[in-house]
Each structure stands twice: as C-alpha cells, then as structure tokens.
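Trainee: I should be grateful for a close look at a single part of this structure. Please take me through the details in order.

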Amino acid sequence: MPSQQKKYDIIIIGAGLGGLTAGAKLAKDGKKVLLLEQHHKPGGCATTFTRQGYTWDVGLHAMDGLDIDDRKRIIFKELGVFDKVTFVKAPEFYRLKNQRLDIVIPHPAQKAARLLMAKFPAEKQGIEKFFKTIHAIRKESNRIPLQRWKLLLLLPVFPFLFPNIFLYTFKTVGSFLDQEIANEDLKLVLAGNILYYHDDPYTMSFIYFAIAQSGYFEGGSHYIQGGSQRLSEYLAQVIIKNNGKILLSHLATEIITEGRQAVGVRYTDLCDGKKTTFSAYADKIIANTAVPNIVPMLHGKNRGLLKNKIKKLTRPCSLISIYIGFKREVRELKNTNYCTFLLNDKVTTLGEMKNNYRGDFAERSFFFTDYSQIDTKLVPAGRSVASIATADYFEDWQGLSEKEYQKKKDEVAHTLLQRLEQLIPGIRDEIACYEVGTPKTIQRYTLNPGGVVYGFAQQPRQAGIFRMPNTSPIKNLYFASAWTNPGGGFTGALFSGWFCAHEVISPLESLLSYLRNFLKTRG
C-alpha cells in the first residue's frame, strides 16, 4: 500500500440503507469510515424526488413492525433514529379488491383473524394455523442476537432450537397455503401483498414472508414522515458527526486487492469533467452495491471466486411505478384506504398470479398507495401524492429507442391511470402531474442489474440459512445490502447493514459496544 495514500478503517461502497446503517454503527463505534456513493444523494431506494412542487417517495410504501418485538427498534435506539425521525402508522394493513372480493385487512393479527373467520367460516382452522405459524417463526428468529445471526447455522444440527424455521425452511408461500387452506379466494387474500417481496407465491420463501407478515400484523404498517430520505439523511449525518466522510457523486470502479484480500478502492469523481480517478485504502471494504456489480471490480482469481459464488443465484422481478401528484387530497374522493391491491378478476388461484404479472398492463394486478390517508408531510396541505406500482421486467424495456421508450411509458401510464379511474371515479380529473419509473429507471439510479429492488430472489434456497452471507470469498471484503443476508426490502437492508457491521468488528468490540449502549439506555 503506497504510504502517501490516506488510510481508513472502513470503506463502504454505496449509500443505500445497508451501507448507511453499517457506516453509522461503525462510525459511532470509533471507526474511521469513508463512504462512496455514485448518486448525488444518499439512500438508494430510500430516497425522495420532487417535480413541479410535488415530492414522492421512490420506494417506501409501508415499513413493517416497530412493535415491542421488532428488532429494528434496537438498531434505531442505538443510532438515535427515534429522536430525529418520525414514523406514522397507517390505518390498516391493506385492502384487496376485485369483482369477487373487497376486503380490508386490519392490524393487529387478532382483529384480522376474526374478520377472516367471519368471512370464511369453513376455514377457521387454517386461518388459526396461518397466524400461529407466522408469529412462531418470527419469535424464533428473534431468539438470535442481532450481532450473532450465524447461530442460525446451527439449525440443521439442533433443529429443536428453531422448530418452526426448521420445519418450513423449504416451504413456499403457495405450498404452505395449499396445505392449510382450501378456499382459493382466502389464499389470494392472505398472499395479497406478495409484491412487497416477490411476484410468485410458489417460489417465495415462506420463512421470509412469515417474518415480514407477522411484523406487519403485530406492529402495523409505518411510513417515515417526510419520506424515506429523512432516514437516509439522518444515518448519513451520524457517520459525518462521528468523523466519517461521505463522498456523493463518486463512483467506485475497482476493489484493490493484494493476493486474496481486499485493501482499497479506486473511485471516480463524477462531477469532475476530467473524471479523475482516486485511490483509498482501508482495513475492511463493505460493498453496499449489488453483488453482481462487484464481480467486474475484482481481478484475476478473486473475480472468479465471487463469480462462482453467485453464478447459480437468480434475480426476482422489478417494479414499475406511476408517481402521481393531485390538485387535492385523494381521500376527498371517498377513497378510505392507504394501500389497495387491485387483483385482476381472472386471477382465481395463487398459481395464476405469476402469469398475470407477466401479462398485459390492461389486466395486470397492481397496488395503489394513497399517501393522503396519513400525515406524510410530503406536500403542502390541500394537495396530495400517490403511486401505482406493479411487477415489471427489465427485458420488456430493452431494445427500444428513446422515442419508443417514452411512448411505451405513456401508454402504460394511460392504461393504469384509466384502471385507477374505475377504482376511484373522478380521480383522473384531479391529476396535476405524474412521473413513470421503469426497471430501467431503477437501474439508472441504483445500478442494480435489471432494475431489481429486492436483491437475489427470496426463494427457499436463497433465503434463511441459504442466503448469501455478509462475508465474501475475498478476505476483508464484506456485503451489506438487500442482495445478502437476511434479504430484500427496507427491513432486510437495515438488518444486512447491522449484521455486516458486527462481522467487521471483533467479538470483543461487539461486546463492549453492546455494554456501552446498554448502560446508556439505562440512564
């Protein structure tokens, strides 16, 4: 390592929630942190953007949990998040609607179970089993100390420690519901928000689904007041206030290695017309970018090691979003629900969900989030914002000229907005403006291959103990993102950053950090 180069304890590539959480934790623990982010703002998918006086959240619809059993609270308390960031609880979990069904799923779980039993009395036993199982799986996952998640690797040797996780490790959402529920409409209701994680109930890990769903039912759905950018900016400030350094609009281009270990990063200043390349060195490197993006940043055998590690891992769907600004609050149009899943009438079984998401936008199921139902602080009083989102696929947007691309975006927006009009009559007349974000948009701003937002697909053999770990085949190179342990989504990314931070520091440092924060919370 050249002596003139500046030395850091940690260099983090990417300022998504995983990188920000890891950086905030490590900086607070006294580590000298350098964080590099290619975008001009931190947050990844946890950001906001503004057009024509309207502000939209890029990705956050509803965050699960924040009840007493939600371990995000441990992270947020230690990092001081609750002192600076306000979380607003949504009035219900979600509404699912088509011609056969119109049902609002409430929280907490007991209330939801009673409602479902009243509507599907013949399925009382299956409904009880569903809620009992998802809560049991979440409780078992909570037994593992946050800084010692690797205890889950004991599962095959000591299954009695985590009996439900062991039993359902290879189950999918579809296979579990088929086993316990006979009524197809009830299955569709219970898997109604599958797009929060994946596009296919029959390849979606039941373990991952159960933990998240239990969090929603027990703690409710929450929105970050002012937008998810508030959380990202706060975590960035924690890093800076603890002597860390963040370089925005700086793209990491190479991981410097010596033999089989990572020792530094080369990066380019994107604001510099000369695109000058710099080098920085550190004891540990954390990649918060998509894991496939790291492969070409390595050389020789190190590239091959990582490439072989991920070559069989599959990616999930992406999303398309229509971000809408309204002249007045949507709730004035008699819409009473925060998040509505509009299920196509032709979808009568779980097995038909996947093909529907691949189908024409005129029939593709989607969900509508009406932010006017809560106090988001996104827009001035009297106006409101909302979004339509559904599964989408990068390959469907490839090969188009710029003109064809814009035309297709307009056609999709027109189709989905017309269908929204059928759900809420008169709503199109209240639209002031809208923006369309496709998988290509997501790839452009996050660099995620294929514009995926959930990392590697959360299938049974890519979730739980099979999820790609926070460590890598290259010494001193670590991962903190939705692509790795424990998985995708806001909660998954936060935990991934936390787990990664504890991988980086020694067990003694981890214990001392825990004791410091324990004593601090005790006053």
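Mentor: Cys500 has a relative accessible area of 0% and is therefore buried, a term for residues under 20% relative accessible area, with exposed meaning over 50% and partly exposed in between (1.4 Å probe, protein chains only). This is a predicted model, in which local features need pLDDT of at least 70, side-chain atom pairs count only at pLDDT 80 or more, and totals for chains, interfaces and linings use all residues. Residues are numbered from 1 along each chain as its sequence is written, and side-chain values use heavy atoms, with hydrogens and water left out.

The closest cysteine sulfur to that of Cys500 belongs to Cys45 and lies 18 Å away, too far for a bond. A disulfide requires a pair of cysteine sulfur atoms within 2.5 Å, and the structure holds zero disulfides.

Cys339 may be described in the same manner. Its relative accessibility is 1%, so Cys339 also counts as buried. The sulfur of Cys339 has its closest cysteine sulfur in Cys317, at 15 Å, which is too far for a bond.

Burial can also be followed along a helix, H9, which comprises residues 206-219; helices (H or I, at least four residues) are DSSP runs, numbered from the N terminus. Twelve of the 14 residues of H9 are buried, so the rest of the structure largely encloses this helix. Among them are Phe206, Tyr208, Phe209, Tyr216 and Phe217. At the start of H9, a side-chain oxygen of Ser205 comes to within 3.3 Å of the backbone nitrogen of Ile207. Just after H9, Gly220 adopts a positive phi of about 90 degrees.

Methods
Helices (H or I, at least four residues) and strands (E, at least two) are DSSP runs, numbered from the N terminus. The expected span of a helix is 1.5 Å times one less than its number of residues. A polar contact is a pair of N or O atoms within 3.5 Å; within protein, one must be able to donate a hydrogen and the other to accept it, and residues adjacent in sequence count only if both atoms are side-chain atoms.
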